[in-house]
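Subject: Structure handover

Hello,

Here is the structure for you to look through. Please open it first, then read my notes below.

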Amino acid sequence: MKPTPATAPDVQPLRAARRLAQLLPFAAAVLTGLLAFRVLRGLGESDAAAVLARSLPAAAAAALAHLPAGPLAIALGALPLAVWLACAWWAARVPGVSRERARMLVGWAWGASVLAGAWALLAGVSGPKPGLAALGYCISWPALGSLGAALVLRRARALEFAAWISGAALLLLLARALPLGWAGQNSWTWWPMLPSRPPGALASGAAWVTGAWLWMLALSRVESRTPRRWATAGLLLVPLMLARGVAQFEHYGPERAPAALASEINTSYFQAGAQVEDPAAFLRGFAVLTDGMPMHAATHPAGWPLLFHAATRAGATPAGATAAEAVARASGADRETADRLAADVARRALSPAESNGLWLLVGLVALMLAAIPAGVYFVARDHESPRVAFRAAGLAAVCAAPLLFFPDVDVAYPALALLAAGSWVRSEGAARRAWALLSGACVGLLAAFSAGNLALLVLLALQAVLSWKRRKATRRGELARGLALLAPLVVLWLGAEAAGHHPVTVLQAVLGHHRDTLAHRGWALWALLNPLDFLVLLGLPAAAWMLRAVPWWHHPEAARKMRMDPGTAVLAAVLGTLLLLDVSGATKGEAGRLWMSYMPLLVAGGASLWRERRRSEWAWLTGMCLALLVALKGFYVFVWLYS
């Protein structure tokens, strides 16, 4: 039967899409081969052994250094075709999935490879390290996407999908074939620290990590409402146990904590805080002082330098010294060794007050780390049962980024961001307007430490709009709610102006330094790489599970009609805010650290996914998150002590 004119135009785009999908793997193979030949030829003209030793595992580096460029480039170019055919064949073995459809959908995954290869060749990427990273983006990430497409065609459940993706990613990460970041601008450096650690340290770390997971499983057995709150309180120990455990898998061990805060290349707030003599005078002249400040101190407001100064003063008191000693013992660090490392990183001798102050700040960040599960429970509990909120809180407790970057100061932000979001969703109604005031106070406090935290206002506004009709909100009520949110920010602004600290001038200064710092990084490159960085450091198993578990076909229509559930609207608002941050170019690299506050918010917004799921699925998912966490901690550097 001939197609009618009404249906014929609908068939043509589908046929064109199929043909294009069939061509993508072949285009990827050609571009990958050309790029591989160019990179390998460059390796032959440079000190290939040294470059490969820094970029790849020892066995792979030794093999690659002795192979001719031509045949190896052909072999690498054939990989897209081989992976494409293998994944399509595997997907087509499921009844109801044709081989043509499998090849089409899996082929689309290689569109990323075509873009990466074309960009690398047109941009003239010829350096060995960027070239190897480009090859990773041409082969490994699209191959992982092909596996994901095949799993979707096979109708894999969320846990099965997460297990396959996590297992493949773990192998690729350990083989150094899955690039994170971009060499020469910002990338996570490969350093196999875990295999060289003493057996005692490895046993201690494994015991703490395993104990934290078993403790979570034991707490999850509690089912009644009142004990559930106690179980949630017990979750606060999990991030602390994990932080102590995973510290044993890296080179410096738990003694690294104060040194990370004293490192100029890592934060430089310690160096800026040492310049503070009169806090009031420091605030008044801060906009001008930023011109002479190093690194992060020049690109952020005055909050952290003042807090470092206050911690040093507190460390000079007997109570501060006692508390610092308690933090050092709780972390499992040798105090003398840690203080010596901190002094070496700071490049000068540290006074007892400064050493104690660093440990006090480590303790403060540890408390904020421990508060993340409670914050997720607070956000999710407004619209979910205690059991569901507990599951979300437990998943947030094993979120990778806060544990990988601990005790970086950014780890202090997620807990306050959760408090701001949880207070905001509770501020519905005139009788609950105080919650909006608390939310605004949290945003104002966060803005005093980083101007980027003001993006939370976008998130809160999006949440209100997306759930407007579901909440039956009124314009007058939402206006009053918004004014209550902004009131603390206005009060803080006026107070700063009265003290001679001009927030607008300071904001212009720090944003100018931030723009100059990132001027050499391209917008398009990082707009594509930031999401990958975010997903890996969220915890790749959790990210893969959510990608498969979220009913994406339902939410766009609910969002368009502004009828989203208030809790789910948090999830959509987080994704919308991250999209705006990404396309704005405000973040060029280090998205896993800079967007850390949004990771537990994403988990809290997706809490409804646990309504109908079994406890065993939650247990396996958190276990996979810990496995990837150990691999990342033991084989990649996330916090620098030295340049």
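A residue counts as buried when its relative accessible area is under 20%. Cys442 has 5% relative accessibility, so Cys442 is buried. Keep that cut-off in mind, as it comes back below.

Before going on, note that this is a predicted model. The average pLDDT of the protein is 89. A score of at least 70 is reached by 93% of the residues. Residues 1-8 are another matter, with pLDDT below 50. In the model, that stretch makes zero contacts beyond near neighbours in sequence.

**Cysteines**

How many disulfides does the count give? It gives zero. Cys138 is in no disulfide. Its nearest cysteine sulfur belongs to Cys87, 17 Å away. Cys138 has 0% relative accessibility, so Cys138 is buried. Cys442 is in no disulfide either. There the nearest cysteine sulfur is that of Cys399, at 19 Å. A disulfide needs the two sulfur atoms within 2.5 Å, so 19 Å rules out a bond between Cys442 and Cys399.

**Aromatic rings**

The count of aromatic pairs is 19. One of them joins Trp190 and Tyr636. Their ring centres are 5.7 Å apart, and the planes meet at 85 degrees. That makes the pair edge-to-face. Trp190 belongs to strand 3 (residues 189-190), while Tyr636 belongs to strand 4 (residues 636-637). The pair therefore ties together parts that are 446 residues apart in sequence. Are these two residues buried or exposed? Trp190 is buried, because its relative accessibility is 9%. Tyr636 is buried too, because its relative accessible area is 2%.

There is also a cluster linked by ring pairs. Its members are Tyr269, Trp304, Phe308, Tyr413 and Phe449.

**Charges over rings**

Look at Arg103 next. Arg103 lies over the face of Trp84, 5.9 Å from the ring centre. Now find Trp618. The charged end of Arg391 sits over the Trp618 ring, 5.4 Å from its centre.

**Asn356**

Where is Asn356? It is in helix 19, which covers residues 352-380. Asn356 has 8% relative accessibility, so it counts as buried. What does its side chain reach? It reaches the backbone oxygen of Gly315, at 3.0 Å. Setting aside neighbours within four places in sequence, Asn356 is in contact with Gly315, Ala321, Ala324 and Arg335.

Best wishes

How values were computed: Residues are numbered from 1 along each chain as its sequence is written. This is a predicted model: local features need pLDDT of at least 70, side-chain atom pairs count only at pLDDT 80 or more; totals for chains, interfaces and linings use all residues. Side-chain values use heavy atoms; hydrogens and water are left out. pLDDT is the predictor's confidence in each residue, from 0 to 100. Contact means heavy atoms within 4.5 Å. Helices (H or I, at least four residues) and strands (E, at least two) are DSSP runs, numbered from the N terminus. Buried means under 20% relative accessible area, exposed over 50%, partly exposed in between (1.4 Å probe, protein chains only). A polar contact is a pair of N or O atoms within 3.5 Å; within protein, one must be able to donate a hydrogen and the other to accept it, and residues adjacent in sequence count only if both atoms are side-chain atoms. Rings of Phe, Tyr and Trp (its six-membered ring) pair if their centres lie within 6.5 Å; planes under 30 degrees apart count as stacked, over 60 as edge-to-face and the rest as tilted. A charge sits over a ring if NZ of Lys or CZ of Arg is within 6 Å of the ring centre and within 35 degrees of the ring normal.
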